[in-house]
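Here are some short exercises to work through with the structure open beside you. Try each task yourself, then follow the solution step by step.

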Amino acid sequence: MKLEIFTKNEHKELHNVIIANIRDLINNKNLEPGDKLPSERMLSERFEVSRSNVREAIQKLEFYGILKSKPQSGTFVADIGQVAMNGMMDDILGLEDPDFKSLVETRILLELKTVRLAAKRRTDDDLKSMELALEAFKEKVLNKENAVQEDLLFHLAIAQACGNSTINRMMLIITPEIINNFEKYHVCDKNQSEKRLKEHQDIFDAIKEQNTQKAKQMMKNHFVELYKYCYNI
């Protein structure tokens with residue numbers, strides 16, 4: 001078994017090569033919507049890359065709606081025309097990794113909507129998930145430990161409670177990168193952890209009360225430092 005170790009940029013470049021190869025395969029074989037692609041093993045051998053890298057490239061194309069995988073059946077071309085597919089493939093290959101500032105800005109825009117939906121739609125199970133995340137965050141804060149992951153897990157629990165799978169997926173995509181860079185860019189003062197804890201509690205209480213306007217306002221209060229970072233206020 002071949003062991004492949006890549007940097008982040010090399011990993012992205014490899015995925016782009018595989019995606020371009022899949023695009024060329026679809027075009028050269030004149031595959032139409034509903035046609036089946038060769039298996040991961042066959043693609044791996046054809047492109048001379050590992051199956052895991054083929055799988056990751058396919059998952060990326062699935063995310064953008066270009067391919068569809070069916071359990072026990074295989075991977076199929078989605079129901080879009082060839083011109084649209086090629087245009088989307090070119091757009092995917094031209095995508096740049098988002099900088100941290102744009103990730104934070106996206107998070108703010110998403111969460112101001114997410115928290116209102118969560119307040120409106122939350123279930124008792126959602127409240128339990130948020131409460132568990134809040135307790136984990138509280139424990140780390142009171143012990144003066146790093147609580148960045150617990151902080152963002154609370155926000156992911158809110159995203160899950162909003163009842164919108166697309167928003168939830170987007171939060172899951174951007175959150176790991178935010179975690180990796182949160183302290184690197186010194187966005188929030190470590191000495192304000194207890195303040196953020198109270199803000200989390202205020203957000204949770206508003207969601208529990210199903211007060212959508214209050215929930216949005218509490219989230220805006222919580223994002224003051226992020227606003228300053230993004231917009232240099």
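**Exercise 1. Classify Glu209 by its relative accessibility, then find its charged partner.**

Solution. Keep in mind that you are looking at a predicted model.
- Step 1: Glu209 has a relative accessibility of 46%. Buried would need a value under 20% and exposed a value over 50%, so Glu209 counts as partly exposed.
- Step 2: The partner is Lys214, and in this salt bridge the closest N and O atoms are 3.4 Å apart.
- Step 3: Lys214, at 32%, is partly exposed as well.

**Exercise 2. Work out which parts of the chain the salt bridge between Arg23 and Asp90 ties together.**

Solution.
- Step 1: The closest N and O atoms of Arg23 and Asp90 are 3.0 Å apart.
- Step 2: Arg23 belongs to helix H1 (residues 8-28) and Asp90 to helix H4 (residues 82-93), so the bridge joins parts 67 residues apart in sequence.
- Step 3: Check the surroundings: Arg23 is buried at 17% relative accessibility, while Asp90 is partly exposed at 46%.
- Step 4: Add Asp24, which is linked with Arg23 and Asp90 in a network of salt bridges.

**Exercise 3. Are Arg196 and Asp151, which meet in a salt bridge, buried or exposed?**

Solution.
- Step 1: Arg196 has a relative accessible area of 14%, so Arg196 is buried.
- Step 2: Asp151 has 6%, so Asp151 is buried too.
- Step 3: Their side chains meet at 3.7 Å, N to O.
- Step 4: Arg196 sits in helix H9 and Asp151 in helix H7, so this pair connects parts 45 residues apart in sequence.

**Exercise 4. Find out how far Asp126 is from the nearest side chain of opposite charge.**

Solution.
- Step 1: Locate Asp126 in helix H6.
- Step 2: The nearest side chain of opposite charge is Arg122, at 7.4 Å. A salt bridge needs the atoms within 4 Å, and Asp126, although buried, has none.
- Step 3: Setting aside neighbours within four places in sequence, Asp126 is in contact with Arg121 and Ala161.

**Exercise 5. Which helix gives the most residues to the largest nonpolar core?**

Solution.
- Step 1: This core holds 41 residues, and Met130, Phe154, Ile158, Ile203 and Ile207 have the most contacts inside it.
- Step 2: Several helices supply at least two residues each, including H6, H7 and H9.
- Step 3: H5 gives the most, with ten residues.
- Step 4: Zoom in on Phe154: among the residues it touches are Met130, Leu134, Ile203 and Phe204.
- Step 5: Now look for a second, separate core of 21 residues, with Leu14, Ile18, Phe47 and Val54 among them.

How values were computed: Residues are numbered from 1 along each chain as its sequence is written. This is a predicted model: local features need pLDDT of at least 70, side-chain atom pairs count only at pLDDT 80 or more; totals for chains, interfaces and linings use all residues. Side-chain values use heavy atoms; hydrogens and water are left out. A nonpolar core is a set of buried Ala, Val, Leu, Ile, Met, Phe, Trp, Tyr and Cys residues joined through side-chain atoms within 4.5 Å. Buried means under 20% relative accessible area, exposed over 50%, partly exposed in between (1.4 Å probe, protein chains only). Helices (H or I, at least four residues) and strands (E, at least two) are DSSP runs, numbered from the N terminus. Contact means heavy atoms within 4.5 Å. Lys and Arg count as positive and Asp and Glu as negative; His and the chain ends are not counted.
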